[in-house]
Amino acid sequence: MKQKKKLPRLMLCIALALCLISMVGASFIQTQGNQIRIKQLTWETSAGHQIAADLWIPANATEETPAPAVITIEGWYNNKEMQDLYTLELARRGYVVLTMDLHGHGNSESLPSDELYEGAVGVDGAVQLVASLPYVDTSRIGITGHSSGGTAANMAVTIDNEREEPLIAALFQQAADWQDDTGGDHSGEYGSRSVGIIASEYDDFYFGTYDDEGNMITTPREFMETENAKKFLNFNDDVSTFEGEAQAGQYYERTIDGKDAYRVIYRPTCIHPAVTFSTECVSYAIDFFEQVFGAPSPLPSSDQIWPVKTAFNAVGLVGIFMFLASFAVCMMDTGFFSSIRVKTEVKAAEIKDKTAVAWFFGLLVLSMLFSAVSYVYIMRNLYSTTTSVFPQTGPLCIGVWAASCGVFTLLLTVVYYQVYGKKHQLSLRDIGVILPVKQIGKTVLLSVIVVACAFGIVFFANYFFKTDFRLWVLAVKVFGSDKVLIALRYLPFFLIYYVMNSVSVNCFNYNKIGGKFGNIIILGLANILPCIVLVAAQYIGFYSSGVPFWGLSEGERILAIWLFPVIAMLFIAAVISRFVYKRSGNPYLAGCVNALFIVMITCSNTFTSLSAGTLIATTF
């Protein structure tokens, strides 16, 4: 028993140490040992809406030696931190970098759909701010945006063209082209600006061509053969004047209005979201801005340090999940919360016959099949829908799916208990399904305390070190009070799933199948296997045929992408719930902790619309 108490305490110390290492290490890398200043900004744009951004100022940028500037923009359903790799590598090379949240993303103001595109979703306000800085060379202001961030930049060009002296000198599109999310075509508006495009051969959303019925005519991997690519490289002139084949990576140059202008298309083989997590794609951005602006502190494009920062961020991610599990268990050693823990030792159940094995694997297979089928159905029928109560479509889709799986698990559990468990003297009270009301109340209170303390660490990291904990699309970051109120609306969906999952994983399936550690690995894999199969089907089909496997609607294209963070969270949730259950006999504590923590992650890393209805991009 003493050993069981020592492990959570040791884990808690390790968790806090990992979080601290993450903060210090990531901060040192991103500031380059205090050579880059980072300011967190919030301001009201001339359009009357609030924008949040981080301003990275390298030491070389002064009033005496103004530096070129680049605005980096995240894509739809993301936050500005998804541009960390581009932001860091450009700032290292002496560019002033403003990394911003589009309206409705991160900590920027959310708007109704009829106001969303005013001021180019906030990009024009960022352009004006950058141009007002005394240490910025206003003749060298560029924008790089991923996906919808790039299409918002196109809208900013339209606004910029109305100025007597335009401010935007260059655009670099990461997995975006010359269109915007309303279907507007800006290809004829670039003028003397230099423009580059990362057009992956396997982009989930862009670079295909379609007939009037929406059927794909040419796939993204055939993009360089299309008239669209040649027209872009030909500075929007008629393609009949374009000589030869369109060449990827080649800079096409013209002098327009006395300025040297460039066009270039880069062709990696990654998928759409991988452009935000790729040394190859970052090298393209480095080369592009070196070509059109010249870096104040040039470095080879292969010299990239963002993976080190990412590693430190990931260390903190490990630490924060360890904190959730260990802190919850340690708090049960206190007098007030000690009653949550059962007095008898929790042990794996014996498997007495082949029928029990058949029930174990049979119910797992049924639950996995339901998970896969229901997710595809929900994404095809609910995607991009918001209401006045539920203003975020991502959490609504994932939440409804989660709740559906939770209810299905409950039904399977009831059937198992009535048909098999009751006849074999399975006691719901002994396995922790039935707990006293007082214990339930303390369980809920402790779960709130644990999650609040975990996010306290996250806010500490942001305030003192300007870092958070993340690995690509799985991110634990700070948020405003509005996200808390939004998350509370989605919380019941997540509670249904994570509580029932914990009850199923621990009360009914903690047995000797798989051995000491194999049992939880089997159950964790059962949580994520449907997601893995759906993702694998999408991309095996995409890479073999050039067309996304699940279909061409927006919801079908994003179906697999949304599962990337879910795969990690579902496996981690199973492991956390088992760790807590073995030391408490209480399945509800970890279920509540997982639901609270994951609903906040989900609602703080997506897009918020203040309009009820459906908002679909029309560019594909």
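A salt bridge is a side-chain nitrogen of Lys or Arg within 4 Å of a carboxyl oxygen of Asp or Glu. By this rule, the count in this predicted model comes to 18 salt bridges. The views below begin with some of them.

**View 1. R9 and D333 meet in a salt bridge.** The side chains come together at 3.4 Å, N to O. R9 belongs to helix α1, while D333 sits in the loop between α7 and α8 (354-381), so the pair ties together parts that are 324 residues apart in sequence. R9 is partly exposed, with a relative accessible area of 45%. D333 is partly exposed as well, at 28%.

**View 2. K80 and D101 form a buried pair.** Their side chains make a salt bridge of 3.3 Å, N to O. The link joins distant parts of the chain, 21 residues apart. K80 is in the loop between β3 (67-73) and α2 (84-92). D101 is in the loop between β4 (96-100) and α3 (123-131). The relative accessibility of K80 is 6%, so K80 counts as buried. D101 has a relative accessible area of 0% and is buried. Which residues share a network of salt bridges with this pair? They are E81, D468 and R470.

**View 3. E556 forms a salt bridge with R380.** The closest N and O atoms are 2.9 Å apart. E556 lies in helix α13 (residues 554-558) and R380 in helix α8. The pair therefore ties together parts that are 176 residues apart in sequence. Is each partner buried or exposed? E556 is buried, with a relative accessible area of 13%. R380, at 45% relative accessibility, counts as partly exposed.

**View 4. Helix α14 covers residues 563-584.** At 1.5 Å a residue, its 22 residues should span 32 Å. The C-alpha atoms at its ends are 31 Å apart, which agrees. Most of α14 is covered: 17 of its 22 residues are buried. After the helix comes G585. The phi of G585 is positive, near 70°.

**View 5. The largest nonpolar core has 177 residues.** Which residues have the most contacts inside it? They are V123, I320, F469 and F597. Helix α7 (residues 306-331) gives the most to this core, with 13 residues. Another core, of 20 residues, lies apart from it. Among its members are W359, Y416, Y581 and C592. In soluble globular proteins, nonpolar side chains tend to be buried together.

**View 6. L7, L10 and I14 make a nonpolar patch on the surface.** The patch has an area of about 240 Å². One of its residues, L10, is found in helix α1 (residues 2-31). L10 is exposed, with a relative accessible area of 51%. An α-helix has 3.6 residues a turn, so residues three or four places apart point the same way.

**View 7. Two cysteines, C13 and C507, lie too far from other cysteines for a bond.** A disulfide is a covalent bond between the sulfur atoms of two cysteines. How many disulfides does the structure hold? The count is zero. Why does C13 have no such bond? Its sulfur is 8.0 Å from the closest cysteine sulfur, in C330, and that is too far. The cut-off for a disulfide is 2.5 Å. The sulfur of C507 is 13 Å from the closest cysteine sulfur, in C592, again too far for a bond. C13 is exposed, with a relative accessible area of 53%. C507 is buried, at 7%.

**View 8. D257 and Q425 each have a positive phi.** Most residues other than glycine have a negative phi. D257 is not a glycine, but its phi is positive, about 55°. D257 lies in the loop between β10 (252-256) and β11 (259-266). At 69% relative accessibility, D257 counts as exposed. Q425 has a phi near 60°, also in a residue other than glycine. Where is Q425? Q425 is in the loop between α9 (393-421) and α10 (437-465). Q425 counts as exposed, at 68% relative accessibility.

Conventions: Residues numbered from 1 in each chain as written. Predicted model: local features only at pLDDT ≥ 70, side-chain atom pairs only at ≥ 80, totals over all residues. Heavy atoms only, no water. Helix = DSSP H or I, 4+ residues; strand = E, 2+ residues; numbered from the N terminus. Expected span 1.5 Å × (residues − 1). Buried < 20%, exposed > 50% of the residue type's maximum accessible area, 1.4 Å probe, protein only. Patch = residues over 30% accessible without salt bridge, like charges linked within 9 Å, V, L, I, M, F, W, Y side chains within 5 Å. Areas by Shrake-Rupley, 256 points an atom, 1.4 Å probe, with all protein chains shown as cover. Core = buried A, V, L, I, M, F, W, Y, C linked by side-chain atoms within 4.5 Å.
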